[in-house]
Structure formats: C-alpha cells, structure tokens
Amino acid sequence: MATRQELPKALLPYGRTSFSRSIVAALQKGGADHTYVVVGHDPGSIMADLCEMGVTFVYNRQWPKGQLSSLQAAIRVCPRGSTGLLVALVDQPGLKPSTIRQLILRHQRDPRKILVASYRGRAGHPVIFSR
C-alpha cells in the first residue's frame, strides 16, 4: 500500500467509482472471460468494493514481496485450459474496454506472442500471454 494516502490504491476514487471497479468494468466490457483479483494487504475492503462484480479473489500471502508475487499467485489459479492470461494493474483506472478487446483479438491471432499495450510509444500494461 502506498504510504502517502490512507486508502489502498484500489479504493481511491475515480469519477463516480473506485480504481478497482473501473478496471474490472473495463476488463469485463472488453471481453475478458473471467476476472481474478489478487489481494494482499487489507483484502477485506477491496473485496467489499468488488463483491457484486462477479470476480474471483485470489489471496496473495506473499504480498510483502511485491508485484511479482501477485503475478505468480494469479498464474497458479489460472485454469489449465485457459488460452491466455491478461494482466492489468490497479493504478490504471483509465483503462479502456477497447484496449482489452484489441489485446484479446491480437492474442487470439497469435497466442505464442506476449503482447504489451503501449501509450504514446511507451510499453506498459496491460499485457497478455499464453498460459
């Protein structure tokens, strides 16, 4: 959790919603088959914020070790039959469903590639890769 604010990033306001609700909505509207939300520090408040959105929560006991441990937790629960894993970060509440749709469509065309979204020529998140 960032120390400069009282709320976890996931619960910061974004328009009429929170960071996490905005991102989950973009994933769902963009065509993600299922959304897993990895939680660590103070999971209860984030789970309460997202409980009506049809997501599956994954508790990362290793959250103090950082982001990589959350990615590893997500990979562990990703079903074997999945064609890919799309990873979005909580600090991108402006994520658009069209970005998700584009990544999914391009991944379907060539699932061997790791695809990375970019903004103004800079690579970032979300990313999608084969399970």
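This report describes the fold, the helices and selected residues of a predicted protein model.

## Overall architecture

The protein contains 4 helices and 7 strands. Read from the N terminus, these elements follow the order β-β-α-β-α-β-α-β-α-β-β. For 131 residues, a compact globule would be expected to have a radius of gyration near 14 Å, and the value of 14 Å found for the protein agrees with this. Along the principal axes, the C-alpha atoms occupy a box of roughly 40 × 30 × 30 Å.

Of the 131 residues, 36% are buried. When contacts between residues at least 6 apart in sequence are considered, 49% of them connect residues at least 24 apart. The exposed area of the protein is about 8,600 Å², of which 52% is supplied by carbon and sulfur atoms. The side chains include 18 positive and 7 negative ones, and the centres of these two sets are 10 Å apart.

## Helix H1

Helix H1 spans residues 19-29 and is mostly covered, with 8 of its 11 residues buried. The buried residues are Phe 19, Ser 20, Ser 22, Ile 23, Val 24, Ala 25, Ala 26 and Leu 27. Their cover includes both strands and helices: strand E1 (13-14), strand E2 (17-18), E3, H2, strand E5 (85-87) and helix H4 (97-109). After H1 comes Gly 31, which has a positive phi near 105°.

Leu 11 is located in the segment before E1. Its relative accessibility is 17%, and because the limit for a buried residue is under 20%, Leu 11 counts as buried. Leaving aside residues up to four places away in sequence, Leu 11 touches Ser 18, Ser 45, Ile 46 and Asp 49. Between Leu 11 and Gln 72, which are 61 residues apart in sequence, the C-alpha to C-alpha separation is 23 Å.

## Helix H3 and the loop that precedes it

Helix H3 covers residues 67-77, and its buried residues are Ser 69, Ala 73 and Ala 74. These residues span an arc of only 145° around the axis, so they lie on the same side of H3. Gln 67 and Leu 68, on the other side of H3, are exposed. A general property of helices is relevant here: an α-helix has 3.6 residues a turn, so residues three or four places apart point the same way. Strand E3 (36-39) and strand E4 (56-59) are among the elements that cover the buried residues of H3.

The loop between E4 and H3 holds Asn 60, and Pro 64 is found in that loop as well. Asn 60 is buried, with a relative accessibility of 1%, whereas Pro 64 is exposed, with a relative accessible area of 61%. Apart from residues up to four places away in sequence, the contacts of Asn 60 are Val 38, Val 39, Gly 40, Gly 66, Ser 69, Ser 70 and Ala 73. Two of these contacts, Ser 69 and Ala 73, are also buried residues of H3. Pro 64 and His 41 are 23 residues apart along the chain, and their C-alpha atoms are separated by 8.1 Å.

## Backbone geometry

Most residues other than glycine have a negative phi, and most peptide bonds are trans. Against this background, the following two residues are noted.

| Residue | Phi | Location | Relative accessibility |
|---|---|---|---|
| Asp 42 | positive, about 55° | loop between E3 and helix H2 (43-50) | 36%, partly exposed |
| Arg 120 | positive, about 50° | loop between strand E6 (115-119) and E7 | 73%, exposed |

Neither Asp 42 nor Arg 120 is a glycine.

Which residues are joined by a cis peptide bond? The bond links His 125 and Pro 126, and its omega is about 0°. Pro 126 belongs to strand E7, which comprises residues 122-129.

Definitions and conventions: Residues numbered from 1 in each chain as written. Predicted model: local features only at pLDDT ≥ 70, side-chain atom pairs only at ≥ 80, totals over all residues. Heavy atoms only, no water. Helix = DSSP H or I, 4+ residues; strand = E, 2+ residues; numbered from the N terminus. Rg over C-alpha atoms; globule rule 2.2 N^0.38 Å. Buried < 20%, exposed > 50% of the residue type's maximum accessible area, 1.4 Å probe, protein only. Contact = heavy atoms within 4.5 Å. Areas by Shrake-Rupley, 256 points an atom, 1.4 Å probe, with all protein chains shown as cover. Lys, Arg positive; Asp, Glu negative; His and termini not counted. Charge placed at Lys NZ, Arg CZ, Asp CG, Glu CD. Arc of directions from axis to C-beta.
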